[in-house]
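Here's a quick briefing to read alongside the coordinates. Pull up the model and keep it open as you go through the points.

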Amino acid sequence: INHGLFVRLYEKPGHVWAIEQQVAKRVSLREVDIETNAQCGVVREFFFTPRNPGQQEIEFFLGKVHHPMQVDETFKVLLNVKGSDAV
């Protein structure tokens with residue numbers, strides 16, 4: 001709880017990674033950054049600060065820039081958030 005987690009995903013040209021708004025609120029999405037690398041292309045970084053203990057599933061969608069509902073790829077992260085007293 002209250003520790004940062006980040007997920008970095010490489011994007012294909014003409015596509016963008018996203019998550020649903022309700023999921024973003026539930027897992028406390030704090031920031032999304034974009035990094036451009038000459039060798040790797042575009043990398044989107046999602047930064048979370050989980051506030052509630054338990055298992056959370058975060059599903060990312062790679063959609064077309066001009067047609068975001070056309071999902072090309074998905075990526076799931078299963079997050080197990082431990083309480084502040086857990087070691």
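What follows is a run through the overall fold, the strand pairing, the empty spaces and one loop residue.

Keep in mind that this is a predicted model. The protein has 87 residues, and its secondary structure comes to 1 helix and 6 strands. Going along the sequence, those elements come in the order β-β-α-β-β-β-β.

**Overall picture**

- The C-alpha trace spans about 45 × 25 × 15 Å along its principal axes.
- Of the 87 residues, 28% count as buried.
- About 6100 Å² of the protein is exposed, and carbon and sulfur atoms supply 51% of that area.
- If you take the contacts between residues at least 6 apart in sequence, 60% of them join residues at least 24 apart.

**Strand pairing around β5**

- Strand β5 covers residues 54-64, and strand β6 covers residues 71-81.
- These two strands pair in the antiparallel sense, with 10 bridges between them.
- A hairpin makes the link from β5 to β6, using 6 residues to do it.
- For a reference point in this pairing, look at E59, which stands opposite K76 in β6.
- β5 also has strand β2 (residues 15-18) as a partner, and here 4 bridges join the two antiparallel strands.
- A handy marker for that pairing is H15, which sits opposite K64 in β5.
- When you follow any of these strands by eye, remember that side chains in a regular strand alternate between the two faces of the sheet.

**The largest pocket**

- A probe the size of a water molecule, rolled over the atoms, shows where empty space is left.
- The largest pocket comes out at a volume of about 180 Å³.
- Its lining is made up of 12 residues, and I1, H3, N80, V81 and K82 are the ones nearest the centre.
- β6 gives the most to this lining, with 3 residues.
- By class, the pocket lining splits into 5 nonpolar, 6 polar and 1 charged.

**The cavity**

- How many cavities of 30 Å³ or more does a search of the whole structure find? The search turns up 1.
- The largest cavity has a volume of about 40 Å³.
- Lining this cavity are R26, V27, P50, R51, N52, Q56, L79 and V81.
- The cavity lining has 4 nonpolar, 2 polar and 2 charged residues.
- V81 turns up in both places: it lines the cavity and lies among the residues nearest the centre of the largest pocket.

**S28, a loop residue to look at**

- Where does S28 lie? This serine is in the loop between α1 (21-26) and β3 (29-37).
- Is S28 buried or exposed? S28 counts as buried because its relative accessibility is 8%, and the cut-off for buried is under 20%.
- Leaving out residues up to four places away in sequence, S28 touches F47, F48, T49, P50 and R51.
- Of those contacts, P50 and R51 are also among the residues that line the largest cavity.
- The backbone is worth a glance too: phi of S28 is near 55°, a positive value in a residue that isn't glycine.
- For context, most residues other than glycine have a negative phi.

Methods: Residues numbered from 1 in each chain as written. Predicted model: local features only at pLDDT ≥ 70, side-chain atom pairs only at ≥ 80, totals over all residues. Heavy atoms only, no water. Pairing = 2+ DSSP bridges. 1 Å grid on protein atoms, 1.4 Å probe; cavity = no way out; pocket = protein on both sides within 12 Å on 5 of 7 lines; lining within 4 Å. Points joined across faces, edges and corners; volume = space filled by probe spheres on them. Nonpolar A, V, L, I, M, F, W, Y, C, P; charged D, E, K, R; others polar. Buried < 20%, exposed > 50% of the residue type's maximum accessible area, 1.4 Å probe, protein only. Contact = heavy atoms within 4.5 Å. Areas by Shrake-Rupley, 256 points an atom, 1.4 Å probe, with all protein chains shown as cover.
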